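Student: I would like a close look at one part of this protein, the patch of negative charge on its surface. Please start there, then show me how the rest of the chain is put together.

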Amino acid sequence: MKLKKTKEKTRKAFHSIMSRILLPVVVAILVQAGLFAVNIIWGGTISKLNQNAFGILDMQVANRRNYLQNEMLERWSNLNPVAEDIRNLINSAPSASSNDELLTHSAPKLISLLRRNLVTGVFLILTDGEIYTEDGDFEKHALYIRDMDPITNSVNNSGLLLLHAPARLSKQLAIPLDSRWQPRIHFSSDTPQNWEYYRKPLLAAKAYPDVQEVDLGYWSPVFRAEGDSIDTITYSMPLRDQYGIVQAIIGVEISIDYLSKQIPYQELNADKQGMYLVGIANDSSLTFTPQLSTGPVYKHVFGQAKQIPFASQEDYSNVFQVVDNASLPGEKIYGCIQYFTLYNSNTPFENERWALIGMLDDYQLLGFSQGIIWAIAATLVISLIIAFMAAWVANALLSRPITKLLAQLQDSELSHPLKLQKLQIFEIDELSNAIESLSVRVAREASRLSQIIDMAGVEIAAFEAKFDSDQVFYTSHFFKMLGLSKESEQDGTVNREEFDALMETLNDKVEDRSEDNSVRILRIARSSDTHTHRWVRLKIVSTDEYITGVVTDITHEVLKRQKVEKERDYDLLTNLFNRRAFGVELAKRFQNPEQLGIGAMVMLDLDNLKFINDTYGHDCGDAYIRSMAEALQCHTPKDTLIARMSGDEFYVLFSGYSSKEELEEVILILENGIRRSMFMLPDHSSINIRASAGVAWYPEHATSYELLIKYADFAMYQVKNTTKGSFGEFNIEHYHRDAYLLQNQEAINRLIDEELITFHFQPIVDAKNGSVFGYEALMRPLLQTLKSPKEVLTLAKSQSKLYGIERLTWRKSLEQFEQLPNIPSQLRLFVNSIANQLLNEKDSEQIQEQFSHLFSRVIVEITEEERSTEDLTLSKLKWASDWGCQVALDDFGTGYNSDSALLAIDPNFVKLDISIVRNVDTDLNRRKILENLLSYADSRGIAVIAEGVETSAELHTLIGLGVDYVQGYYIARPQLQPAPLPEHIVEEIKETYAKTK
């Protein structure tokens, strides 16, 4: 009996209000907390934080890789034109000339290469004259010059060292000998890996006689030459003579110390715990042979490891994990691998893959997200405890009055009207009132439910079927909403078999359904208009006893979603794909390359849009854009992908063709169709639609749509600036040459707006006595992306910004010249002016007001990229005359500054171009041209300036022929603060001139 009472008590406690309310609340709190934890930790937040960390590391390493690769390809390994000059020396040298003579003549050119390329060493190794030693080693005649501080250039050669060279060259070149100097370079048969920089390009040149020398260039792994104390990498290439025989190996050296400074590990992590590794991949695996590393953590982690293996990461494709870290077991090291592209395709060394790897340990890279996980866990535990206690108290306060009300209900009699005692708790007293009138209200409200739904204007209907019954209950309008023939305006029942047959007819109208088929979306034709439809949602819920279905009209919702999708994917003006939808569709098509066949990406830029907008208004401009879209759709096949990317830019992707010739005809049809398309203007005149277009071919030019877009954009850009209004194909050589024009479109604006240029001053020296006659102001851009005045002028011209450069040149050059210390008042300033650019009245007045006292010392150098008109030339000369300036004709002997320009301008000075000065001591044709010019200039009282003098022989020849002034690297380099000329240069000029008398 006691046990039975205990069980009954337990049962009542389990089924009490307290337990029934408390248990769901606790479960809800636990589920909510669990969902919160899952959402934060496993729902993607932590993964997103980790992805962000990986992305930042990837971006940093990619930026550093791009910078280093640019230095390696564009600066360090750019051996032309020095390689060409030495090849000419080899071809022109008499067969009896010695190796020492060849090295002697090559020395100035190698020094020029050393300083221009900012490398730590240059070398020229002759393949002829091999000398064997007793131990089987051999030696080669070589010239090896080293500069341990390439950033700082001295005015003479005192900062250089001769590592290998004939001894007499040290005195001749004024270069001290290195402590490990040897007259020839020694190659040991015991350590062939230390002279692969000589052997590999030599063997490659013999194995591939038809491959160009530049494609035989070889980047060597890190090595230390025999007897040397410096670890280096080298880039070397063979030099063939006119018979195709390799006569020499030319190359540059980059010391590991110098290269390490270009890879600052501090940028990877604020705590300076990052590390960089430059490695060479072993075959196609993720194992790398270290070449150099930066960051003190690297030695702590990897020590002297000769191989560093990595494993792929599922979370991020560009970040890999170091495998088998024996130095720090249990610690994860992540590395972002960015491969260099050092060799062209189909060249001997294309399989040697160099990579830059930025590495951080697990704590430094992902420590933030791990800390968040611990913080969330602690917060959840505390929140659960507080929530559980609050739920317990709240449930206790709620259950007691309800228990008391329940007792009253249990004691009430059905024969009397229900009357409950008020407990003075508002909500419970309201519940009591509701219970008292419940029986009356239930019947009344049940009958009015359908009427209320109809009055509210909510289109909803339902059915219910019991498994043990052959009748199905339905509400009014149920069949009408489903477009079925059986209609009823009242609630009712229907036979189960008939109901199932009617529902079976709906299968063809289903547009979408859930995985368990419990929710279906149906499209129903309107009875009044078969061309319009409405959409309904049928939701079916099954229990053990019933099947219940609810039909809801969702037409407004579907139409709204379709409108949003259309606005999201289509350009509202032209009804073409927009940028987002175009990208999505491209990604889909390029997932199946076999279906693309031969394809082409065409990028079109609509011409004359600005003219139409400015002349007729933007509404007319919008109509012009729509006409272009209609022309594209009219003159392309149906499966062509067309998109409007911005205001006047369109993209067209052709794909699925069997041959390039077939597709060329299709593109020609498009080009001709656009040209024939007419656009009516508001004034009832008409113009032809014009567009400039670039074409990039798939897979000839690229196999990814990102590159195709990039190449088509570049091709269009070239057309826009040359043959505007036509179609042009992408040219990879032009891209490598002129890609900076497209990539730096905003750079020229920044350079002009922020005045990011400075001027270096190079002396122009009197050829009679060695005194400085004046200085030429040479522009130096202060942007990393624009490295030379030529690039600045080319980019400015392409952007129609030459006027800004002209204005900036005058103001900055005069300002810096005026600030130079200790400059005698008689010294002249040569300013490079753009012939077809004239300063406007406002700018001219400002410069005159500030610098008019310098005008008598200024000589205007007329320079241009293309022929200036006669009117502009005369205006420029008059302008210079009004300012009291003299005029110099620059770059004589090239381009349009020829004899006709000499007659038209009538300058005070003529500056010989470097193409005439170079090798004038050995080239009779150049000497003859110069003699004729000097004779003509002397008869007209024009002074002749020879610029670009780089050797002593050139200097002697020029003075001997009678030039008035000389300028060049041999005499003095351009400097921010020009230093006095070296005494030996002044004496050399005086002595040379004296010999001519």
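Tutor: Helix α20, residues 660-676, gives the most to the negative patch, with four residues. This is a predicted model, so read every value below as computed. The patch gathers Glu 661, Glu 662, Glu 664, Glu 665 and Glu 729 on the surface. Take Glu 664 as one of them. Glu 664 sits in helix α20. How exposed is Glu 664, by relative accessibility? The value is 35%, so Glu 664 counts as partly exposed. A patch residue needs over 30% relative accessible area and no salt bridge.

Next along the chain is strand β26, residues 678-680, which holds Phe 679. Is Phe 679 buried or exposed? Phe 679 is buried, because its relative accessible area is 6% and the cut-off for buried is under 20%. Look at what surrounds that ring. Setting aside neighbours within four places in sequence, Phe 679 is in contact with Ile 612, Cys 620, Ala 623, Tyr 624 and Ser 627. Phe 679 also touches Ser 685, Ser 686, Ile 687 and Ile 689. Cys 620 deserves a second look. In sequence, Cys 620 and Phe 679 are 59 residues apart. In space, their C-alpha atoms are 10.0 Å apart.

Now the chain as a whole. It has 997 residues, and 44% of them are buried. The fold counts 32 helices and 37 strands. Take the contacts between residues at least 6 apart in sequence: 60% of them join residues at least 24 apart. The chain exposes about 52400 Å². Carbon and sulfur atoms supply 53% of that area.

The surface also has a nonpolar patch. Val 381, Ile 385 and Met 389 make it, and it covers about 300 Å². Ile 385 belongs to helix α10, residues 362-411. With a relative accessible area of 49%, Ile 385 is partly exposed.

Turn to the salt bridges. How many does the structure hold? There are 34. Three pairs are worth walking through.

Start with Lys 911 and Glu 776. Their closest N and O atoms are 2.7 Å apart. The pair links distant parts of the chain: Lys 911 is in strand β35, residues 909-912, and Glu 776 is in strand β31, residues 772-781. The two are 135 residues apart. Both Lys 911 and Glu 776 are buried.

Arg 811 and Glu 755 come next. Their side chains meet in a salt bridge at 2.0 Å, N to O. Arg 811 lies in helix α25, residues 802-819, while Glu 755 lies in the loop between α23 (747-753) and β30 (757-766). They are 56 residues apart. Arg 811 has 24% relative accessibility, so it counts as partly exposed. Glu 755 is partly exposed too, with a relative accessible area of 30%.

The third pair is Glu 130 and Lys 140, bridged at 2.9 Å, N to O. Glu 130 is in the loop between β1 (121-126) and β2 (131-132), and Lys 140 is in strand β3, residues 138-146. They are 10 residues apart. Is Lys 140 buried or exposed? At 2% relative accessibility, Lys 140 counts as buried. Glu 130 is at 33%, so it counts as partly exposed.

Salt bridges also join into a network. Arg 146, Asp 178, Arg 180, Asp 228 and Glu 253 are linked this way.

Last, the backbone. Most residues other than glycine have a negative phi, and most peptide bonds are trans. Some places in this chain depart from that pattern. A cis peptide bond joins Asn 80 and Pro 81, with omega about 5 degrees. Pro 81 is in the loop between α3 (45-76) and α4 (82-92). The bond from Tyr 698 to Pro 699 is cis as well, with omega near 0 degrees. Pro 699 is in the loop between β28 (691-698) and α21 (705-720).

Two residues other than glycine show a positive phi. Lys 272 has phi near 55 degrees and lies in the loop between α8 (256-261) and β10 (275-281). Lys 272 is partly exposed, at 49% relative accessibility. Asn 608 has phi near 70 degrees and lies in the loop between β23 (598-606) and α18 (609-616). Asn 608 is partly exposed, with a relative accessible area of 30%.

Definitions and conventions. Residues are numbered from 1 along each chain as its sequence is written. This is a predicted model: local features need pLDDT of at least 70, side-chain atom pairs count only at pLDDT 80 or more; totals for chains, interfaces and linings use all residues. Side-chain values use heavy atoms; hydrogens and water are left out. Buried means under 20% relative accessible area, exposed over 50%, partly exposed in between (1.4 Å probe, protein chains only). Contact means heavy atoms within 4.5 Å. Accessible areas come from the Shrake-Rupley method with a 1.4 Å probe; for residues, only the protein chains shown count as cover. Patches are made of residues with over 30% relative accessible area and no salt bridge: like charges are joined within 9 Å, nonpolar side chains (Val, Leu, Ile, Met, Phe, Trp, Tyr) within 5 Å. A salt bridge is a side-chain nitrogen of Lys or Arg within 4 Å of a carboxyl oxygen of Asp or Glu. Lys and Arg count as positive and Asp and Glu as negative; His and the chain ends are not counted. The place of a charge is taken as NZ of Lys, CZ of Arg, CG of Asp or CD of Glu.
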